[in-house]
Amino acid sequence: MTRKQKRLSVIGGALVVLACAAGLVLFALQQRIAFFRMPSDIAATDLQSESRFRLGGLVEKGSVVRGEGTKITFAVTDHIKSVPVTYDGILPDLFREDQGVVIEGKFAPGGAFTADSVLAKHDENYMPKEVADSLKAKGVWQGENKQQ
């Protein structure tokens, strides 16, 4: 082998190793990717699938019902459509009605969204960027530029 052929074989081998590594990373992350949707963006196919995604919007006024222990039910709305949510766990301290929230989970067979994580705003001047952008695009959020 000439010097040029050795160099090309080393570069080719390195590219194959990098391609394999990238493929393995993408395959591993495929299960953790959660797409963001607003309540009015949810279609009938989402209700029947087992796929996980993020649901964002505002906690609907008057919808928070605390159950036994750490169980809680509430509704997430974008003022166009509302989605019932069940959650079993400790909510963030700043979780309250009519505030921005992003939840992650999937739909249960009964049609309610079962959340396994709830993310709420961290102070009075913040709304999650994804939620604010979606609400602005639908024309239902009239707040100032409150993202940080």
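**Close-up views of a predicted model**

**View 1. The whole chain, from one end to the other.** Follow the sequence along and you meet the pattern α-β-α-β-β-β-β-β-β-α. That makes three helices and seven strands in the protein. Keep in mind that this is a predicted model. Of the 148 residues, 29% are buried. The accessible surface adds up to about 9500 Å², and carbon and sulfur atoms account for 57% of that. As for contacts between residues at least 6 apart in sequence, 50% of them link residues at least 24 apart.

**View 2. A nonpolar patch on the surface.** Here we look at Ile11, Leu15 and Leu18, which together make a nonpolar surface patch of about 310 Å². Leu15 belongs to helix α1, which covers residues 3–29. Is Leu15 buried or exposed? Leu15 has a relative accessible area of 54%, so it counts as exposed, the cut-off being over 50%.

**View 3. The largest nonpolar core.** Which residues have the most contacts inside this core? They are Leu55, Phe74, Val85, Phe95, Ile103 and Phe113, out of 18 residues in the core. Five strands each give two or more residues to it: β2 (53–59), β4 (71–77), β5 (82–88), β6 (100–107) and β7 (113–120). There is also a second, separate core of five residues, with Met38, Leu58, Val102 and Val131 among them.

**View 4. Leu55 and the residues it touches.** Now zoom in on Leu55, one of the residues with the most contacts inside the largest core. Leaving aside residues up to four places away in sequence, Leu55 touches Phe36, Arg37, Met38, Pro39 and Ile42, among others. Its list of contacts also includes Val76, Val83 and Val85, as well as Val101, Val102, Ile103 and Phe113.

**View 5. The hairpin of β6 and β7.** These two strands pair in the antiparallel sense, over seven bridges. One of the residues to look for is Lys106, whose bridge partner in β7 is Thr114. Five residues sit between the strands of this hairpin, and Gly111, in the turn, has a positive phi of about 105°.

**View 6. The other partner of β7.** How do β5 and β7 run, parallel or antiparallel? They run parallel, joined by three bridges. To find your way here, look for Tyr87, which has Ala115 in β7 as its bridge partner. So far as the core goes, β5 and β7 are both among the strands that give it two or more residues.

How values were computed. Residues numbered from 1 in each chain as written. Predicted model: local features only at pLDDT ≥ 70, side-chain atom pairs only at ≥ 80, totals over all residues. Heavy atoms only, no water. Patch = residues over 30% accessible without salt bridge, like charges linked within 9 Å, V, L, I, M, F, W, Y side chains within 5 Å. Areas by Shrake-Rupley, 256 points an atom, 1.4 Å probe, with all protein chains shown as cover. Salt bridge = Lys/Arg side-chain N within 4 Å of Asp/Glu carboxyl O. Helix = DSSP H or I, 4+ residues; strand = E, 2+ residues; numbered from the N terminus. Buried < 20%, exposed > 50% of the residue type's maximum accessible area, 1.4 Å probe, protein only. Core = buried A, V, L, I, M, F, W, Y, C linked by side-chain atoms within 4.5 Å. Contact = heavy atoms within 4.5 Å. Pairing = 2+ DSSP bridges.
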